[in-house]
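Trainee: Could you choose a single part of this model and take me through it slowly, explaining each term as you go?

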Amino acid sequence: MKVTKRNLKISTLALEWCINNLGNPLKTISPTITLKHDKRVKNMYGFYMDQEITLHLSTIKNSRQLVSTIIHEYCHYLQSPRISGFTKYWKLNNKFGYLKNPFEVEARKFEVLYTEKCYNHILENLWWKILFCLFLQVHLLDLDYTSHPQPCLLFLGQCFVW
Ligand SMILES: [Zn+2]
């Protein structure tokens with residue numbers, strides 16, 4: 001994925017959803033999101049450090065994966081919201097290794113539990129875009145929905161995926 005306004009919008013909506021639904025231990029402060037596209041980064045979707053979630057769009061393939069990475073990193077924020085509070089994470093990492101680190105196990109559980117809910121919320125939030133696409137389809141491209149339902153549905157599907 002590229003760093004675009006659309007991906008920034010999806011990220012902002014996903015972060016908002018996390019704050020409202022998963023809680024924010026710091027109340028008045030919330031983490032920020034930075035989108036990066038660096039071709040040298042190949043084996044990492046994102047990381048969390050010091051109240052900042054960094055997302056590597058060079059490895060993230062679609063908007064659903066973007067949302068699931070944000071949920072994963074938001075879980076790390078919940079585990080250790082304060083700046084420089086990640087000593088426990090590194091201790092566990094030394095003891096269990098990355099994959100079995102209980103912080104990572106929990107973050108992966110969060111992805112499974114919440115990606116779908118959050119992603120649906122984002123689609124609902126952008127319903128106007130879908131309607132707009134339909135409008136374009138019917139009026140500007142002058143296609144008749146009733147006589148050409150199939151291309152219309154395909155086009156509508158595209159709007160969901162972009
Ligand atoms: Zn992680």
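Mentor: Let us take the sheet and what packs on it; angles here run from 0 to 180 degrees between N-to-C directions, along axes fitted to C-alpha atoms, for helices over the stretch in contact. The model is predicted, so local features need pLDDT of at least 70 and side-chain atom pairs 80 or more, while totals for chains, interfaces and linings use all residues. Residues are numbered from 1 along each chain as its sequence is written.

The open sheet has 3 strands in the order E1-E3-E2, with mixed pairing (strands are DSSP runs of E, at least two residues, and helices of H or I, at least four, numbered from the N terminus; strands pair if DSSP finds at least two bridges between them). Strand E1 (32-36) and strand E2 (46-49) are the edges, each pairing on one side only, and the twist from one strand to the next averages 20°. E1 and E3 run parallel and are joined by 5 bridges, and Leu-35 has Leu-55 of E3 as its bridge partner.

Helix H1 lies across E1 and E3, running at about 150° to E1, whereas H2 packs on the sheet by touching E2 and E3, its direction making about 25° with that of E2. Setting aside neighbours within four places in sequence, Ile-71 is in contact (C-beta atoms, placed from the backbone, within 7 Å) with Cys-18, Phe-110, Glu-111, Tyr-114, Thr-115 and Cys-118.

Notes. Two residues are in contact if their C-beta atoms, placed from the backbone, lie within 7 Å.
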